[in-house]
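Subject: Handover of a structure and summary of findings

Dear colleague,

Please find below the structure that I am handing over to you. My notes on what was found in it follow directly after.

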Amino acid sequence: MQETILLVEDDQQIREMVANHLQKESYEVISVEDGQKAITLFSQNKFDLVILDLMLPTSNGIDVLQQIRKESLLPILIMSAKDSDVDKALGLGFGGADDYIAKPFSLIEMTARVKAALRRSKQYSQNHPPEIVKVFDLEIDLNNFTVRKKGDEISLTAKEFQILRLLATNPNQVFTKGQLYEKVWQEAYYGGDENVINVHIRRLRGKIEDNPSSPPKYVKTIWGGIGYKLEMRQ
């Protein structure tokens with residue numbers, strides 16, 4: 001099956017050169033020149049890899065990267081001449097960019113990095129068959145980062161999914177807000193971070209609960225709001 005690449009580059013000469021070369025390598029390439037169009041295209045199509053310039057009009061490359069990471073963990077290859085932006089893109093918490101190529105670059109090197117990223121993605125998928133955790137009406141696919149309720153897919157952000165995955169893989173275990181924050185955000189917890197947890201829990205409940213205004217069925221509050229747990233039984 002032909003693999004599809006989303007190419008996001010505002011320089012027309014570079015965009016056409018890269019697209020033409022990748023098409024000769026038997027990839028399907030959809031190219032776009034600005035960040036907002038890239039976000040719209042990504043939400044409407046299925047891609048196997050994204051090649052992303054960081055200096056873009058309307059929405060910059062970092063914004064595009066973060067938006068994609070809310071929906072998918074597909075490989076993202078950064079093209080940039082700015083080291084500081086590359087460092088930021090590669091270090092964006094839960095799944096930043098997978099690799100980068102510095103401008104100016106050779107088409108041979110770029111193609112090699114594209115092939116390597118796609119190969120790693122395939123190997124990961126083959127070595128990690130779907131692992132499903134079922135909680136009442138929810139089906140949580142731990143490897144493909146998807147959640148379904150009564151067969152319908154629920155769109156979660158990366159952090160919302162990580163919270164749900166942590167609770168679902170440790171059923172009936174209570175996690176304090178500090179423990180949740182440190183495990184999901186991978187940072188030390190301070191008192192001011194409590195609101196971050198509260199907001200994410202509220203949004204998660206709004207998506208997975210039958211009636212968010214009723215007592216929660218899935219993510220339950222423990223000890224007067226100190227922590228949370230996910231019960232696997234009615």
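Y218 has a relative accessible area of 0% and is therefore buried. Please bear in mind that the model is a predicted one. Y218 forms a ring pair with F136: the ring centres are 5.7 Å apart and the planes stand at 55°, so the pair counts as tilted. The two partners come from distant parts of the chain, 82 residues apart. F136 sits in the loop between strand 6 (132–135) and strand 7 (138–141), while Y218 sits in the loop between helix 8 and strand 11 (219–222). Unlike Y218, which is buried, F136 counts as partly exposed, at 25% relative accessibility.

In total, the structure holds four aromatic pairs. Ring pairs also join Y181, W185 and Y189 into a cluster.

Overall composition

The protein has 234 residues, of which 44% count as buried. Its secondary structure comprises eight helices and 12 strands. Among contacts with a separation of 6 or more, 54% are between residues 24 or more positions apart.

The nonpolar cores

In soluble globular proteins, nonpolar side chains tend to be buried together. Here, the largest nonpolar core has 27 residues, and those touching the most other members are I140, V147, I163, L164, L180, I208 and V219. Two or more residues of this core are supplied by each of strand 6, strand 7, helix 6, helix 7, helix 8 and strand 12. Helix 6 gives the largest share, six residues. Apart from this core lies another, of 19 residues, which includes V32, F42, V64 and I76.

To return to one member of the largest core, I140 is in contact with E131, I132, V133, V135, T146, V147, F161, L164 and A168, leaving aside its neighbours within four places in sequence.

Helix 7 and its surroundings

Which residues of helix 7 (residues 177–185) are buried? They are K177, G178, L180, Y181, V184 and W185. Viewed down the axis of helix 7, these buried residues fall within an arc of 160°, so they line one face of the helix. They pack against helix 6 (158–168), strand 10 (175–176), helix 8 (194–208) and strand 12.

K183 also lies in helix 7. K183 has 46% relative accessibility and therefore counts as partly exposed. Not counting residues up to four places away in sequence, K183 touches L166 and F175. Its C-alpha atom is 9.0 Å from that of Q162, a residue 21 positions away in sequence. After helix 7 comes Q186, with a positive phi near 60°.

How the helices cross

The axes of helix 7 and helix 8 come within 10 Å and cross at roughly 80°. Angles of 65 to 115 degrees count as roughly perpendicular, so helix 7 is roughly perpendicular to helix 8. Helix 7 contributes K177, L180, Y181 and W185 to this contact, and helix 8 contributes E194, V196, I197, N198, H200 and I201.

How do the axes of helix 6 and helix 8 cross? They come within 10 Å and cross at roughly 80°, which makes helix 6 roughly perpendicular to helix 8. On the side of helix 6 the contact is made by K159, E160, I163 and L164, and on the side of helix 8 by H200, I201, R203, L204, K207 and I208.

Two further buried residues

K229 belongs to strand 12 (residues 227–230). Is K229 buried or exposed? Its relative accessibility is 14%, and because buried means under 20%, K229 counts as buried. Beyond its neighbours within four places in sequence, K229 is in contact with L167, N172, Q173, V174, Y218, V219, K220 and I222. Y218, the buried ring partner of F136, is thus one of its contacts.

F47 lies in the loop between helix 2 (35–44) and strand 3 (49–53). At 6% relative accessibility, F47 counts as buried. Not counting residues up to four places away in sequence, F47 touches T4, I5, L6, I30, L41, F42 and L74; F42 is also among the residues of the 19-residue core. The C-alpha atoms of F47 and V29 are separated by 9.4 Å, and the two residues are 18 apart along the chain.

With kind regards

Technical notes:
Residues are numbered from 1 along each chain as its sequence is written. This is a predicted model: local features need pLDDT of at least 70, side-chain atom pairs count only at pLDDT 80 or more; totals for chains, interfaces and linings use all residues. Side-chain values use heavy atoms; hydrogens and water are left out. Helices (H or I, at least four residues) and strands (E, at least two) are DSSP runs, numbered from the N terminus. Buried means under 20% relative accessible area, exposed over 50%, partly exposed in between (1.4 Å probe, protein chains only). Contact means heavy atoms within 4.5 Å. The arc is that of the directions from the helix axis to the C-beta atoms. Rings of Phe, Tyr and Trp (its six-membered ring) pair if their centres lie within 6.5 Å; planes under 30 degrees apart count as stacked, over 60 as edge-to-face and the rest as tilted. A nonpolar core is a set of buried Ala, Val, Leu, Ile, Met, Phe, Trp, Tyr and Cys residues joined through side-chain atoms within 4.5 Å. Axes are lines fitted to C-alpha atoms, for helices over the stretch in contact, and angles run from 0 to 180 degrees between N-to-C directions. Angles under 35 degrees count as roughly parallel, over 145 as roughly antiparallel, 65 to 115 as roughly perpendicular and the rest as oblique.
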